[in-house]
Amino acid sequence: MTLPKDPESSTVKPVKKDKRKNIVKSEKLLGVCYDIRGPVLEHANRLEEEGHRILKLNIGNPAPFGFEAPDEIITDVVYNIREAQGYTASRGLFPARKAIMHECQRQEIPNVEIEDIFLGNGVSELIVMANQALLNNGDEVLVPSPDYPLWTAAVNLAGGKAVHYMCDEQSDWFPDIDDMRSKITSRTRAIVVINPNNPTGAVYSQELLEQIVALAREHQLVIFADEIYSKILYDDAEFVPMGRIAKDVLCVTFNGLSKSYRLAGFRSGWIILSGAKHLAKDYIRGIDMLASMRLCANVPAMLAVQTALGGYQSINELILPGGRLLEQRDAAIEELAKIPGISCVVPKGAIYLFPKIDRTMYDFDDDQQLILDFLIQEKILLVQGTAFNWKQPDHLRIVFLPQADQLRQAIIKFGEFLQQYRI
């Protein structure tokens, strides 16, 4: 190593070692990870900085793929933007909460009042808040495996422990109720239900939801119902709101504008408190306290809620026969079926595929390395299955937002790439 020279002398001076302590992250972050935006994405960003074009199939971000919000929503926000310059109530704008309340009435979720609705900076912020308001150190929350990893991260960040219940690929990725029941302990506080599901695309039956509610009732648990994809359904799938069924247990429902209304960048989400609210007055005060501490959510984004929920539901044009999302799902499923050793449960909702790789046919041990190697070779970004708290390195998630032809080509390239691991 070349040492720096003192300009005043021909002698070489040693480099002084900085003896100050390193600044380290909080221990609360030790169990927190979000690999959808993890090390592989960091490598993708470096490739972009070098001038490469990356096809990003790692995140459900509709706008880059040409999915735009309805013009009437944007027009209303622009027209009213001057009204958004000051703080609003910590729970959110009254017209937005009123529109959400009417949506609950349409969905037959009983006894939801204006004060039962909190708006936030996307569902992500509200997931963190809901867990922080509920959990003490060591408390447990049942989270699906595979999951949307923010749920596991939020539980751990709040000092809790995420306990993963299994979803059964052989049963259309429905949760295994017996496994869920076996993992309930005296420390369990809540059950997370993601329906329609990310990453599997499963849409749960009313019978299954009733079984989950029965468990929550028996063990006095809160239900966290993540329903952000509630309007993105295919074929004959029917969405049943958890709040409609969970009438005598506390249900906290999460939804927003990011997906169904293609407004991910607005960061506009909400929670709805329903069911046994009378048993949760102190918990609700905790949520209200956290909402007040951040003063209020993004006010311009709240201006979009009333028009979105009350206006024409353009999402239907994308999911019905002839719709772009449905056609892209079908194209992706068709191409995956052509790859030897790949199987995939057809998603009934959302915008993701979660295919399985037959490990008896392909020899690899690290699915993150597999995805990284594919990125380097083909400049296409996917997410490994283990990022979704799925233990076995035998799945990956594909976002089916690109046009069908581009999506087909990406899957064909993955199939060709995978052959180098063929046993």
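A residue counts as buried when its relative accessible area is under 20%, as exposed when over 50%, and as partly exposed in between. Keep that in mind for the close-ups below, and remember that this is a predicted model.

**View 1. Arg91 and Asp288 meet in a salt bridge.** The closest N and O atoms of this pair are 3.2 Å apart. Arg91 sits in the loop between α2 (71–80) and α3 (94–106), while Asp288 belongs to helix α9 (residues 281–293), so the bridge ties together parts that are 197 residues apart in sequence. Buried or partly exposed: which word fits Asp288? With a relative accessible area of 23%, Asp288 is partly exposed. Its partner Arg91 comes out at 14%, so Arg91 is buried.

**View 2. Glu125 forms a salt bridge with Arg294.** Here the closest N and O atoms are 3.0 Å apart. This pair also links distant parts of the chain: Glu125 is in helix α4 (residues 122–134), Arg294 is in the loop between α9 and α10 (299–310), and 169 residues separate them. Arg294 has 19% relative accessibility, and the cut-off for buried is under 20%, so Arg294 counts as buried.

**View 3. Five charged residues join up in a network of salt bridges.** The members are Asp235, Asp236, Arg329, Asp330 and Lys348. Look for Arg329 and Asp330, whose side chains meet at 2.8 Å, N to O. Arg329 is buried, at just 3% relative accessibility, whereas Asp330 is partly exposed, at 35%. How many salt bridges turn up in the whole structure? A full search finds 22.

**View 4. Leu325 sits in the largest nonpolar core.** That core has 83 residues, and those with the most contacts inside it are Phe224, Phe254 and Leu325. Which residues does Leu325 touch, if you skip its neighbours within four places in sequence? Among them are Phe67, Ile232, Tyr234, Ile315 and Leu318. Ile319, Ile351, Phe400 and Leu401 are in contact with Leu325 too. There is also a second, separate core of 33 residues, including Trp173, Ala202, Ala216 and Val345. In soluble globular proteins, nonpolar side chains tend to be buried together.

**View 5. Three strands make an open sheet in the order β11-β15-β14.** The pairing is antiparallel. Strands β11 (352–353) and β14 (383–384) are at the edges with a single partner strand each, so one side of each has no neighbour in the sheet. Two bridges connect β14 to β15 (residues 396–399). Try finding Val383, whose bridge partner in β15 is Arg397.

**View 6. Cysteines without disulfides.** Searching the whole structure gives zero disulfides. For Cys104, the nearest cysteine sulfur is that of Cys251, 9.9 Å away. Cys104 is also buried, with 1% relative accessibility. Why is Cys344 not bonded to Cys167? The closest cysteine sulfur to that of Cys344 is in Cys167, and at 15 Å it is too far for a bond. Cys344 is partly exposed, with a relative accessible area of 21%.

**View 7. The annotated span, residues 55–410.** An unreviewed UniProt entry gives these residues the annotation "domain: Aminotransferase class I/classII large". The C-alpha atoms at the two ends of the span lie 8 Å apart. By make-up, the span is 37% helix and 17% strand.

Methods. Residues are numbered from 1 along each chain as its sequence is written. This is a predicted model: local features need pLDDT of at least 70, side-chain atom pairs count only at pLDDT 80 or more; totals for chains, interfaces and linings use all residues. Side-chain values use heavy atoms; hydrogens and water are left out. A disulfide is a pair of cysteine sulfur atoms within 2.5 Å. Buried means under 20% relative accessible area, exposed over 50%, partly exposed in between (1.4 Å probe, protein chains only). Two strands pair if DSSP finds at least two bridges between them. Helices (H or I, at least four residues) and strands (E, at least two) are DSSP runs, numbered from the N terminus. UniProt positions are given in the numbering used here, feature names are shortened, and annotations may be inferred rather than shown by experiment. A nonpolar core is a set of buried Ala, Val, Leu, Ile, Met, Phe, Trp, Tyr and Cys residues joined through side-chain atoms within 4.5 Å. Contact means heavy atoms within 4.5 Å. A salt bridge is a side-chain nitrogen of Lys or Arg within 4 Å of a carboxyl oxygen of Asp or Glu.
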